[in-house]
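Visitor: I would like a close look at a single part of this protein, the sheet. Please take me through how its strands are paired, and then show me what else the chain holds.

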Amino acid sequence: MDEYIDRQAVKKALRDYFDDPVAWEDVGGLVAQICDEIIDDIPAVDICARPKGEWIEDMTDMFGFVRCSECGRLEEYPQFFCPHCGADLREDKDNAAP
Ligand SMILES: [Zn+2]
C-alpha cells in the first residue's frame, strides 16, 4: 500500500537537518533550498481516488469473516471502506456519500 507524507513536514525536516552549521558549514542552506525545489517538483497524488472493490464472504473457518477484494485482508464484518487499503467497498458506490 502506498504511504503519503506531508510535503511541508519533509521540507521542515530537511531544513532542520541541514541547519547544523558545524556539519554543513555554509552549504546547509543551499542544500535545503535545493531539496525544497526537488520536493516542490514532485506532483501531488489524489488520495481521494480510492480503489473500488467488494467484500467477499470468507467461510474458510467457522467465523464467517469477509475479505476485501482489493487487498485480501479479513475483517469480522463489512464496512464502507477497507481499514487496510482504503478501498471503497460500499455496495451502492454511485449514490453513497463520499
Ligand atoms: Zn483492502
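Guide: Start with strand E1 and strand E2, the latter spanning residues 65–68. The two run antiparallel and are joined by four bridges. One pair to find on screen is Glu 57 with its bridge partner in E2, Val 66. Keep in mind that this is a predicted model.

Now follow the turn. The hairpin of E1 and E2 has six residues between the strands. Gly 64 in this hairpin takes a positive phi, near 65 degrees.

Val 66 leads on to the next strand. Its bridge partner in E3 is Glu 75. So Val 66 has a bridge partner in E1, Glu 57, and another in E3, Glu 75, by the DSSP pairing of strands. E2 and E3 pair over two bridges, again in the antiparallel sense. They too form a hairpin, with five residues between them. In that turn, Gly 72 has a positive phi of about 80 degrees.

Put the pieces together. The sheet is open, has three strands, and follows the order E1-E2-E3 with antiparallel pairing. Strand E1 (55–58) and strand E3 (74–75) stand at the edges; each has a single partner strand, so one side of each lacks a neighbour in the sheet. As for side chains, those in a regular strand alternate between the two faces of the sheet.

How far can you trust this part? Confidence in the protein chain is highest in E2, at 94, and lowest in H2, at a mean of 86. Over the protein chain the mean pLDDT is 86, and 92% of residues reach 70 or more. Where pLDDT is low, the predicted coordinates should not be read in detail.

Next, the setting. The domain assignment splits the protein chain into domain 1 (7–41) and domain 2 (50–98). Taken over C-alpha atoms, the centres of domain 1 and domain 2 are 42 Å apart.

Turn to the helices. The axes of helix H1 (residues 7–17) and helix H3 (residues 28–41) come within 9 Å and cross at roughly 165 degrees. That makes H1 roughly antiparallel to H3. The crossing of H1 past H3 is right-handed.

Helix H2 covers residues 21–24 and includes Pro 21. Pro 21 is exposed, because just 10 other C-beta atoms lie within 10 Å, and the cut-off for exposed is 12 or fewer. Finally, compare Pro 21 with Ile 47. They are 26 residues apart in sequence and 37 Å apart in space, C-alpha to C-alpha.

Methods
Residues numbered from 1 in each chain as written. Domains from an automatic or database assignment. Buried ≥ 20, exposed ≤ 12 C-beta atoms within 10 Å, placed from the backbone. pLDDT = per-residue confidence, 0-100. Axes fitted to C-alpha atoms, helices over the stretch in contact; angles between N-to-C directions. Parallel < 35°, antiparallel > 145°, perpendicular 65-115°, else oblique. Left-handed = near helix turned anticlockwise from the far one by under 90°.
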